[in-house]
Amino acid sequence: MNKKMTISSIKKSKGLAPLVMITAYDALFASLFEESCDMILVGDSLNMSFAGKADTLSATMEQMIYHTKAVCNGAKNSFVVCDMPFGTYTNEADALHNSIKVFQETSADCVKIEGGKEKADIVKHLTSNGIAVCGHIGLLPQSVRSEGGYKVKGKTNAECLSLIADARAIEDAGAFCMVIEGVIAHVAEEIAKSVDIPVIGIGAGNKVDGQVLVFSDMLGLFEAFTPKFVKKYIDGASLVKEAVKSYAGEVKVRDFPQKEHTY
Ligand code: KIV
């Protein structure tokens, strides 16, 4: 069994081996991921991949707490990150109240919040009150409606400088690591070099300090759309459909259950 990562081993990993993060939303999948992954993210992406919504914005604290509990139950030896849903950290008091709820009701090891310099005060308020924070900069899925779509970041010099300022602000506010999403690879590399904490990429090239993927994307289960940065390690949707088709076919001709499945 792998040793569970800690805030300090995650920070120390910078410059050594890249960190492996994957999303999970339930105990079953979390238990399957535990042996290969350093960190499990209970992402609000569950609102899209599992609740069938068009974006992450309607995820609630109750949902995130329910799914985080399940993941913690299934992967007791994993470092678990709970994504704070949209609208739950708009000010310091709400952010602290909701993060305390996560820490009291689940065994998550940290919370994740989206935003750069504009969220630095909130990150500072959380970290100075005993809440470990993973930042999230670059493309922010919770800003999809205000930005009018998912926009790759770091295309201009101004954007690049602004992202470096975001990363530094989050680090200075006490975050122990951050996710960087949808950023031009060489810009993400610069950003990772400009801070001392691990920068974990998704759609940000392979010169950062780790990678995260949404599990239903990398297992090929989510068919609605496939972002460019996703590699499908198996064609999960076809495998599942084939298996269920075989089951249905066997039931129809009374080929299942057989003797070995019968009391
Ligand atoms: O919600 C999520 O799964 C995330 C990842 C895309 C990093 O935030």
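**Exercise 1. The chain after α11**

Where does Arg-254 lie? Work out its exposure and its backbone angle as well, keeping in mind that this is a predicted model.

*Solution.* Start with the position: Arg-254 sits in the segment that comes after α11. Next, check the surface. Arg-254 has a relative accessible area of 75%, and the cut-off for exposed is over 50%, so Arg-254 counts as exposed. Now look at the backbone: phi of Arg-254 is near 55°, which is a positive value in a residue other than glycine. While you're there, take in Pro-257, also placed in the segment after α11. The peptide bond joining Phe-256 and Pro-257 is cis, with omega about 0°.

**Exercise 2. A salt bridge between a helix and a loop**

Find out which parts of the chain are tied together by the pair Asp-166 and Lys-117.

*Solution.* First, confirm the bridge: the side chains of Asp-166 and Lys-117 meet at 2.5 Å, N to O. Then place both ends. Asp-166 belongs to helix α8 (residues 157–172), while Lys-117 is in the loop between β4 (110–114) and α6 (120–127), so the bridge ties together parts that are 49 residues apart in sequence. Last, compare the surroundings. Asp-166 is buried at 10% relative accessibility, whereas Lys-117 is partly exposed at 38%. For the overall tally, the structure holds 10 salt bridges.

**Exercise 3. Two other bridges**

Take the pairs Lys-193 with Glu-189 and Lys-241 with Glu-223, and say how each is placed along the chain.

*Solution.* Begin with Lys-193 and Glu-189, whose closest N and O atoms are 3.5 Å apart. Both are in helix α9 (residues 185–193), and because they are four residues apart, about one helical turn separates them. Lys-193 is exposed at 58% relative accessibility, and Glu-189 is partly exposed at 23%. This pair has company: salt bridges with shared partners join Glu-189, Glu-190 and Lys-193 into one network.

Now the second pair. Lys-241 and Glu-223 form a salt bridge at 3.2 Å, N to O. Lys-241 is in helix α11 (residues 236–252) and Glu-223 in the loop between α10 (215–218) and α11, so here the parts tied together are 18 residues apart in sequence.

**Exercise 4. How α4 packs on α5**

Describe the packing of helix α4 (residues 61–74) and helix α5 (residues 92–105).

*Solution.* You need two numbers to begin with, because a packed helix pair is described by the angle between the axes and the distance between them. For α4 and α5 the angle is about 25° and the axes are 10 Å apart. Angles under 35 degrees count as roughly parallel, so α4 is roughly parallel to α5. The crossing of α4 past α5 is right-handed. Who makes the contact? From α4 come Met-61, Glu-62, Ile-65 and Lys-69; from α5 come Asn-98, Lys-101, Val-102 and Glu-105. Sorted by class, that contact has three nonpolar, one polar and four charged residues.

**Exercise 5. Ser-78 and Lys-3**

Decide whether each of Ser-78 and Lys-3 is buried or exposed, and place each one in the chain.

*Solution.* Ser-78 is in the loop between α4 and β3 (79–83). Its relative accessibility is 4%, so Ser-78 counts as buried. Leaving aside neighbours within four places in sequence, Ser-78 is in contact with Lys-4, Glu-34, Ile-40 and Asp-109. Lys-3 lies in the segment before α1 (7–12) and is exposed at 77% relative accessibility. To finish, try a distance: the C-alpha atoms of Lys-3 and Thr-156 are separated by 41 Å, with the two residues 153 apart along the chain.

Terms used:
Residues are numbered from 1 along each chain as its sequence is written. This is a predicted model: local features need pLDDT of at least 70, side-chain atom pairs count only at pLDDT 80 or more; totals for chains, interfaces and linings use all residues. Side-chain values use heavy atoms; hydrogens and water are left out. A salt bridge is a side-chain nitrogen of Lys or Arg within 4 Å of a carboxyl oxygen of Asp or Glu. Helices (H or I, at least four residues) and strands (E, at least two) are DSSP runs, numbered from the N terminus. Buried means under 20% relative accessible area, exposed over 50%, partly exposed in between (1.4 Å probe, protein chains only). Axes are lines fitted to C-alpha atoms, for helices over the stretch in contact, and angles run from 0 to 180 degrees between N-to-C directions. Angles under 35 degrees count as roughly parallel, over 145 as roughly antiparallel, 65 to 115 as roughly perpendicular and the rest as oblique. A crossing is left-handed if the near helix is turned anticlockwise from the far one by less than a right angle, and right-handed if clockwise. Contact means heavy atoms within 4.5 Å. Ala, Val, Leu, Ile, Met, Phe, Trp, Tyr, Cys and Pro count as nonpolar, Asp, Glu, Lys and Arg as charged, and the others, Gly among them, as polar.
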